[in-house]
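Biologist: Could you take a close look at one part of this model, the place where the two chains meet, and tell me how that part is built and how it connects to the rest of the fold?

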Protein chains: 2
Amino acid sequence: MPKVTADITMSVDGFVAGPDQTLEEPLGAGGEQLHEWALRLAAWRRPHGLEGGEDDVDSELVEESLAASGAVVMGRRMFSGGAGPWSDDANANGWWGDDPPFGVPVFVLTHHERETLPMEGGTSFTFVTGGIESALEQARTAARGKDVLIAGGAQAAQQYLKAGLLDEIQLHVAPVLLGGGVRLFEGLGPDDAKLELEEVVESSVVTHLRYRVER
Amino acid sequence: MPKVTADITMSVDGFVAGPDQTLEEPLGAGGEQLHEWALRLAAWRRPHGLEGGEDDVDSELVEESLAASGAVVMGRRMFSGGAGPWSDDANANGWWGDDPPFGVPVFVLTHHERETLPMEGGTSFTFVTGGIESALEQARTAARGKDVLIAGGAQAAQQYLKAGLLDEIQLHVAPVLLGGGVRLFEGLGPDDAKLELEEVVESSVVTHLRYRVER
């Protein structure tokens, strides 16, 4: 049975983006530190057409996760950064470049209808205005029996958790205090999920915690 | 060089106590779940005069930590629960029983002067009204070259971190969403500490993350 996993990096004080998000600093003050663990990896650089980078336990985990996933769902901000509607948005084609690292269909939660954007390397961005259940259904179909990855941001993960649609949460805990910003678990509580710790993967720069969501 | 370590259990959404703390539920709604991992251990039950309990990677860690510590510092609420001044407080002697699990001098941060309470098993409670630096100085002296453990609560840990007096944070992350309550890192930010992940110990019920605090 394919799984639906929310896969997201969080600071040790619980934020997935820092305070004061702007177009220039879409991850907020200090937020870029969250993703340093991933950006240094060959597993990240290769699909971005960059050479070099590290191969270690972190990259194994990223590669396994990408290999298991047949489709991705993400929020609109994660697709494009910024806040405006598409037509006014300098990042209308997203900030993922021509050859995004997913290599599978990506479903973007949005309020604005738009044609599907085919990209290089097997990635496509399909814009879903019908809500999270519709996006998941489309992602499940597109995944053809593989897992669906909810790649963020916080709001998308919260909505799927609240709706009881997540099987797993894969948290990457970065050793950073952001002190403000977007909280991953904002508005959620004990009634929304029982978690069971499934796996811990340790690396020198981040801690990967996989929780099964009991329903 | 002996270390000063804050040792504290946090929910995955960042709380060290749940919402709505009362005398009956001093850890707030759901807060008792945070400590289930420790309460089931022989390492916890033995010093409380209870038989049985589990011996596993979690108890090893607790025993190592207690063995390395020559003195403990805690906030007043952690000592006694509740909110009133001593004389009105049903828990005036704390909720730790006659033979608290520490076995070393404990320094309690408080605004109310009070005679030192000697307990069984080597524990004593000394009440410090001179602030966190004074408490740490007394604890260091009492520890005779061993480590000092800051046992909580959140406010004590925050004050020591903010003052640059912590060498380490030992976080026990419980797989629980509390949804509200007392946040461990409330009011702290990137300027208060740079953290470096030092060790991860995995168990089936909790994740132990040890961070070195860079100053």
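Modeller: Two residues are taken to be in contact if their C-beta atoms, placed from the backbone, lie within 7 Å. On that criterion, and bearing in mind that this is a predicted model, 26 residues of chain A are in contact with 26 residues of chain B. The elements of chain A that give two or more residues to the side touching chain B are β10 (194–202) and β11 (207–214), and β10(A) gives the most, with 5 residues. By residue class, the side of chain A that touches chain B divides into 15 nonpolar, 7 polar and 4 charged residues.

The symmetry of the pair can be stated as well. Chain A is superposed on chain B by a rotation of 180° with 0.0 Å of shift along the axis, at an RMSD of 0.0 Å, and the two copies are thus related as by a two-fold rotation axis. Within chain A, the C-alpha nearest that axis belongs to Gly14(A), at 3.1 Å from it. Because 100% of the interface residues of chain A are also interface residues in chain B, the copies meet through the same surface.

Turning from the interface to the sheet behind these strands, chain A has an open sheet of 9 strands with mixed pairing, in the order β5-β6-β4-β3-β7-β1-β8-β11-β10. Its edge strands are β5 (117–118) and β10 of chain A, each of which pairs on one side only. The strands β10(A) and β11(A) run antiparallel and are joined by 8 bridges, and Leu197(A) stands opposite Tyr211(A) in β11(A). Helix α5 (residues 132–143) of chain A packs on the sheet, where it touches β1 (4–11), β3 (69–75), β4 (105–109), β6 (124–128) and β7 (147–150) of chain A, and its direction makes about 160° with that of β3(A).

As for the chain as a whole, chain A contains 6 helices and 11 strands. Its radius of gyration is 16 Å, close to the 17 Å that the globule rule gives for 215 residues, so chain A is as compact as a globular protein of that length. Taken along the principal axes, the C-alpha atoms of chain A fill a box of roughly 40 × 40 × 35 Å, and 45% of the 215 residues of chain A count as buried. Among the contacts in chain A between residues at least 6 apart in sequence, 64% join residues at least 24 apart.

Notes: Residues numbered from 1 in each chain as written. Chains lettered and ligands numbered in written order. Predicted model: local features only at pLDDT ≥ 70, side-chain atom pairs only at ≥ 80, totals over all residues. Least-squares fit on C-alpha atoms with pLDDT ≥ 70 in both. Helix = DSSP H or I, 4+ residues; strand = E, 2+ residues; numbered from the N terminus. Nonpolar A, V, L, I, M, F, W, Y, C, P; charged D, E, K, R; others polar. Pairing = 2+ DSSP bridges. Axes fitted to C-alpha atoms, helices over the stretch in contact; angles between N-to-C directions. Rg over C-alpha atoms; globule rule 2.2 N^0.38 Å. Buried ≥ 20, exposed ≤ 12 C-beta atoms within 10 Å, placed from the backbone.
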